[in-house]
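Colleague: I am new to this structure and would like to learn how to read it. Could we go through some features one at a time?

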Amino acid sequence: MPELPRRVEAQPDTVGRDLGRLVLTIVELLRQLMERQALRRVDAGDLPDEKIEQLGLGLMRLEEAMVELREHFGLEPGDLNIDLGPLGNLLGPEAGSR
Amino acid sequence: MTTGGLPVPGRTARPPEHRQESTNLADILERVLDKGIVIAGDIRVNLLDIELLTIKIRLLVASVDKAREMGIDWWEHDPSLSSGQRDLNEENRRLRQRIGDLEAARTRGELGDGSASEAEVGSEPESEEESGPEPEPEPVRRRSARSREERG
Amino acid sequence: MSLVWLYAVRLGGADRPPAGPGVDGESPRLVVEGPLVAVVGTVREEEFDEAALARAMEDLARIERLARAHHAVIVEAAAAEPTAPLRLATVYRDDEAVARMLRERAVEFGAVLERVRDRREWGVKVYVDAKPEAPVEAPASSDRPGTSYLLRRRADRDRGAQARERARAVADRLDEGLAQVAAGSHRMKPQDARLSGREQEMVLNATYLVDTDGEDEFRAALAAVEAEGATVELTGPWPPFSFATLGES
């Protein structure tokens, strides 16, 4: 994909923001995947209460960290979404409105 | 083309309020790109499909505002490109077949039609132009979900 | 050098070419082959050969001009006779190639044109308020914040899924009702809210082939949909873009 480097060069002032956005988008995807998996485990009912609490705390702090990082780069929640066409939105349809 | 209520003469009851607006581009593109009779001309215009795919694939890595600068913002919202995954596999199969056909045709030094489902009509090709960028075998589909079979 | 752009194929009207202008600013012409009349335009090769069209597809403004011109010529061409629109960018070397195609596919064209005879296409978009109900704010229990976080997330997830499921059910039911008073129906992907510019969610984006003398009934079915509180947007009449497909499985 030749576009990316060319564009980064073309707009040096936004390099940091664009890169931050790209990285944060991937991280946010992973975070959401983890969260969904955790919810599935909760649904399955095979986790002891302490584990659930630990999981929840961890995910909650991760989310707080993501919010800080996002604000650091001046990004909105919707900025971390990418339209994957036939695969839907990277972060689901609701990600932009949260 | 106008939009609005059906022009039924002599109706007395007030028609439901339909939104009046000029025909919007998305509505047109939904139809002129995706539908209508599909015939291969004697130029391999069906490569356009693949060109659209490469645009779409590029979008996957382009950040959204960059895509807008490139002037292809609309494709991001292309309804025919963002359909559900229902017949993704089928479309993949068709796409692979099309790519295979194209490559075979190129090997033979022809500009044949790449699609098995479209007619080959045409005179001897004269264009020497390189065909478009190699399509990528990503699971990206162009068409919206197949039309439901017409009833009776 | 020039090429021949194909707009539509219709039954009859062999002496009335549309006024245009066409995709290259040209005046459309007709290529007549038996009962079939192809509406074509002479376009410049350097602007409409394969490579040029591929470039054009990168350019939204150009796509729009092409699509609108293509569409306008087809609307004009389809005013009186049964007409099968062609997809954007169907290009031939010359009129003879068009005529040969018409000969070779005469039977298929005949079937398609009979299917759309005395029928028009109507687009229907249905919007409903699909906002999930406000989250039930569980009191954040200070002793187990992690657990309450997860439970909150789970409730969000379930509400979203339910809303989508409801929207899908509404769309299916409406589509079924409308399809019953139509000769054909075709579902498209609901358009993104950024396109429709509406707050409400588009749950149905479909298009129907309706008998011209059945439009009353179709309209009544639409009114019934609106009576249920949905917002209905009707577009058309369209030439039968979505119902004149041939050569496809």
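Modeller: We will take the contact between two chains, then a pocket, then some backbone details.

Modeller: This is a predicted model, in which local features need pLDDT of at least 70 and side-chain atom pairs count only at pLDDT 80 or more, while totals for chains, interfaces and linings use all residues. Residues are numbered from 1 along each chain as its sequence is written, chains are lettered from A and ligands numbered from 1 in the order in which they are written, and side-chain values use heavy atoms, with hydrogens and water left out.

Colleague: How many residues does the contact take from chain A and from chain C?

Modeller: Contact means heavy atoms within 4.5 Å. Here 20 residues come from chain A and 11 residues from chain C. Buried area is the accessible area (1.4 Å probe) that two parts lose on being put together, summed over both. Between chain A and chain C that is about 1,400 Å², with carbon and sulfur atoms giving 57%. On the chain A side, L39(A), E53(A) and M60(A) lose the most area to chain C, together 37% of what that side buries.

Colleague: How many salt bridges does the rule find across the interface of chain A and chain C?

Modeller: The rule asks for a side-chain nitrogen of Lys or Arg within 4 Å of a carboxyl oxygen of Asp or Glu. It finds four across this interface, and a search of the whole structure gives 32 over all chains. D43(A) pairs with R157(C), their closest N and O atoms being 2.7 Å apart. D43(A) also meets R154(C) in a salt bridge, at 3.0 Å from N to O. R154(C) lies in helix 6 (residues 145–180) of chain C and D43(A) in helix 2 (residues 15–44) of chain A, so this pair joins two chains. Helices (H or I, at least four residues) and strands (E, at least two) are DSSP runs, numbered from the N terminus.

Colleague: Which residues lie nearest the centre of the second largest pocket?

Modeller: A pocket is, on a 1 Å grid over the protein atoms alone, an open set of points where a 1.4 Å probe fits, with protein on both sides within 12 Å along at least five of seven lines; lining residues have an atom within 4 Å of a point. This one has 20 lining residues, and A78(C), A79(C), E81(C), R119(C) and R120(C) lie nearest its centre. Strand 6 of chain C gives the most to the lining, with three residues.

Colleague: Where is a cis peptide bond found?

Modeller: Most residues other than glycine have a negative phi, and most peptide bonds are trans. A cis bond joins G20(C) and P21(C), with omega about 5°. P21(C) sits in the loop between strand 1 (2–11) and strand 2 (29–33) of chain C. Another cis bond joins G236(C) and P237(C), again with omega about 5°, and P237(C) is in strand 9 of chain C. A89(C), not a glycine, has a positive phi of about 70°.
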